[in-house]
Amino acid sequence: MTFEEAMRERHTVRKYTEKEIPREVLSKLNTRIFANNEKYSVSIRFMLNDEKILGTLTKLFLAKGVKNYLILSGGNIFTTDEKLGYCGTDIMLYAQTLGLNTWWIGGTYKKRYAVRNAIGDKVAGIIAIGYGETQGVPHKSKPLEEVCRYEGEMPEWFKNGVEAALLAPTALNKQAFLIEGREDQVAISCNNGIFSDVDKGIVKYHFELGAGRENFFWTDRID
């Protein structure tokens, strides 16, 4: 499975089976995590067989079998959340290519417990990983024209990038982002409260995957 296929097939899964992740799959995941930590100077940690991260109400009414997860953490600097959004997406889609399911959890977890077990100073969320009871279902998406604006005739690569961004698991599924383009310049802004920077990293990764990184370059804003 390619990353493009994983992006389209990955859906939020909140209930997991008891099936253990094989050692060779764990090794591949850990290698990917290490590579992201090294490249982007973050401190993502993979927790195994730990069922303490979710509260009682979440387990009773929303989740089941969550025991393997990533703690998304890094240094306490302003770029950390965006980097963790970007790196978390890379690892999440990689897990999908390995036949695993995921759930990006931004709020319904024990934050103090996560902080105590994190490697970095700042925690931006967790990602549950395992074998789901189902493959999940697609989330509802906004119309393309509500989340993007392009100066002039919209090229196909830009349209493909926005469509990929609409597949991203933004916090509370608000899709509170705007992607703007002009010629080969692209800018992304997010307005989702405390989740804005994490969402920006997630959306950026998806846009790059759909548009093709060779077709554009990022800019802070389109004047």
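This is a short tour of two helix contacts and one strand in the structure above.

Before you start, note that the model is predicted: local features need pLDDT of at least 70, side-chain atom pairs count only at pLDDT 80 or more, and totals for chains, interfaces and linings use all residues. Residues are numbered from 1 along each chain as its sequence is written, and side-chain values use heavy atoms, with hydrogens and water left out.

**Stop 1: helix 4 and helix 7**

Select residues 80-97, which form helix 4, and residues 196-211, which form helix 7. Helices here are DSSP runs (H or I, at least four residues), as are strands (E, at least two), numbered from the N terminus. Two packed helices are described by the angle between their axes and the distance between the axes. The axes of helix 4 and helix 7 come within 6 Å and cross at roughly 45°. An axis is a line fitted to C-alpha atoms, for helices over the stretch in contact, and angles run from 0 to 180 degrees between N-to-C directions. So helix 4 is oblique to helix 7; angles under 35 degrees count as roughly parallel, over 145 as roughly antiparallel, 65 to 115 as roughly perpendicular and the rest as oblique.

Now show the side chains. Among the residues making the contact (heavy atoms within 4.5 Å) are Tyr86 and Leu93 of helix 4 and Ile202 and Tyr205 of helix 7. The residues of this contact divide into 6 nonpolar, 4 polar and 7 charged. Here Ala, Val, Leu, Ile, Met, Phe, Trp, Tyr, Cys and Pro count as nonpolar, Asp, Glu, Lys and Arg as charged, and the others, Gly among them, as polar.

**Stop 2: helix 6 and helix 7**

Keep helix 7 and add helix 6, residues 156-165. Their axes lie 7 Å apart, at an angle of about 140°, so helix 6 is oblique to helix 7. Look for Trp157 and Phe158 in helix 6, and Phe207 in helix 7, which are among the residues that meet. How many charged residues does this contact have? There are no charged residues, but 8 nonpolar and 4 polar ones.

**Stop 3: strand 2**

Next, select residues 69-74, strand 2. Tyr69, Ile71 and Ser73 point one way, while Leu70, Leu72 and Gly74 point the other way. Are these residues buried or exposed? All are buried, meaning under 20% relative accessible area, where exposed is over 50% and partly exposed is in between (1.4 Å probe, protein chains only).

Finally, add strand 1 (residues 45-47), which runs antiparallel to strand 2 and is joined to strand 2 by 3 bridges. Two strands pair if DSSP finds at least two bridges between them. Met47 stands opposite Tyr69. Strand 4 (residues 122-130) also pairs with strand 2 in the antiparallel sense, over 6 bridges, and Leu72 stands opposite Gly125 there.
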